[in-house]
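Me: Could you take a close look at the charged pairs in this model for me, and then place them beside the nonpolar interior? I'd enjoy one connected walk through it.

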Amino acid sequence: GEGFYEVDIAGNFTFFNNALCRIWGYPREELMGMNSRAYTDKQTARKLYQAHNQVYRTGEPGRLFDYEIIQKNGNKKVIQSSFTLLKDADGKTIIGFRGIVRDITELKQMEKDRQKSLDQLRQSLEATIHAMAVTVELRDPYTAGHQRRVADLAYAIALEMNLEESRLTGLRMASTIHDLGKISIPSEILTKPTKLTYIEFEIVKTHAQAGYDILKDIDFPWPIARIVHEHHERMDGSGYPNGLKGEDILLESKILTVADVVEAMVSHRPYRAALGVEQALGEIIKNRGILYDEDVVDSCLKLFEEKRSIFE
């Protein structure tokens with residue numbers, strides 16, 4: 001089913017097989033001598049010229065070059081072509097180009113349909129994550145917006161650290177519901193206007209494990225459950241729930257940790273007033289490399305130094 005063709009230096013067809021006629025949708029007598037300008041738009045014709053000119057100048061074959069043609073009946077086809085130089089019988093003079101083409105229209109449509117399905121799935125996941133976040137905030141109005149602001153800051157830090165796009169998405173989603181486990185904490189503890197007792201604080205600390213237990217069986221394409229589980233772990237092993245250290249903690253979790261600490265300190269809580277940006281940054285500077293990852297802290301500080309943070 002692959003088409004074979006030869007064209008002269010100007011790009012006019014001089015030879016082709018029946019498969020190419022079928023793909024192009026022209027009878028042989030009309031296709032013979034036809035130039036690419038007759039079956040493509042101006043932009044595509046320019047791309048074809050540039051691609052063939054590159055092969056002419058370098059002698060290197062053009063491989064897997066995709067472009068769109070317009071058939072005689074007006075239908076459009078996506079073509080993939082590989083081509084090389086065509087020389088005379090002596091093999092010295094370049095007289096044109098020869099190549100092989102195949103119709104990849106259906107393949108391209110399948111790719112578009114697949115991408116559309118992935119986009120719809122991602123939208124559904126984001127809507128689910130948002131619903132979870134709202135559920136937490138309804139139970140704990142004092143931290144309403146906390147998860148969203150943490151997600152914004154974590155995302156900004158990760159961008160500064162040049163994290164891959166797929167990991168950025170997972171981090172944002174995990175950050176948006178990192179306190180999901182708080183739905184298991186009694187509301188009188190969450191909203192207590194005075195300092196928590198030791199026992200009450202131990203109960204609050206269970207939210208990281210509770211969040212993980214809720215999320216662990218959901219087949220997300222990102223390690224969301226693990227990030228939520230680890231967001232209170234610390235580099236020196238003093239965190240909870242598992243006392244993980246250093247490299248045992250996922251990078252996304254380390255980023256979320258710093259964002260969570262900074263946002264919590266600059267925001268009002270039932271038991272204290274907001275501490276401010278200066279004190280929050282002082283905390284991560286003091287414990288850089290001890291509790292918090294050095295690179296994450298440095299990236300966070302850079303955001304604030306360049307006034308690119310979400311907090312003013």
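Reply: Lys 182 and Asp 179 are both buried, and the two form a salt bridge in this predicted model. Their closest N and O atoms are 3.6 Å apart. Burial here stands for under 20% relative accessible area, so it is a handy yardstick for the pairs that follow.

Take Asp 152 and Arg 172 next, whose closest N and O atoms are 3.2 Å apart in another salt bridge. Asp 152 belongs to helix 5 and Arg 172 to helix 6, so this pair ties together parts that are 20 residues apart in sequence. Asp 152 is partly exposed at 24% relative accessibility, and Arg 172 is partly exposed too, at 31%.

Asp 66, Lys 108 and Glu 111 are joined into one network by salt bridges that share partners.

The strands have a pair of their own to show you. Asp 103 makes a salt bridge with Lys 77, with 3.4 Å between the closest N and O atoms. This one connects distant parts of the chain: Asp 103 sits in strand 5 (residues 94-103) and Lys 77 in strand 4 (residues 76-87), 26 residues apart. Asp 103 has a relative accessibility of 34% and counts as partly exposed; Lys 77, at 23%, is partly exposed as well. Over the whole structure, a search finds 21 salt bridges.

Now for the nonpolar interior. The largest nonpolar core holds 46 residues, and those with the most contacts inside it are Ile 157, Leu 215, Ile 224, Val 258 and Ile 284. Several helices give two or more residues to this core, among them helix 5 (146-160) and helix 6 (165-176), the two helices that Asp 152 and Arg 172 link. Helix 11 gives the most, with eight residues.

Ile 157 is a good place to zoom in. Apart from its neighbours within four places in sequence, Ile 157 is in contact with Ile 255, Val 258, Ala 259, Val 296, Ser 299, Cys 300 and Leu 303. A second, separate core has 23 residues, including Val 7, Tyr 26, Leu 31 and Tyr 67.

Cys 300, one of those contacts of Ile 157, is buried with a relative accessible area of 0%. Cys 21 is buried too, at 11%. As for cysteine pairs, a disulfide needs two cysteine sulfur atoms within 2.5 Å, and by that rule the count is zero.

Methods. Residues numbered from 1 in each chain as written. Predicted model: local features only at pLDDT ≥ 70, side-chain atom pairs only at ≥ 80, totals over all residues. Heavy atoms only, no water. Buried < 20%, exposed > 50% of the residue type's maximum accessible area, 1.4 Å probe, protein only. Core = buried A, V, L, I, M, F, W, Y, C linked by side-chain atoms within 4.5 Å. Helix = DSSP H or I, 4+ residues; strand = E, 2+ residues; numbered from the N terminus. Contact = heavy atoms within 4.5 Å. Salt bridge = Lys/Arg side-chain N within 4 Å of Asp/Glu carboxyl O.
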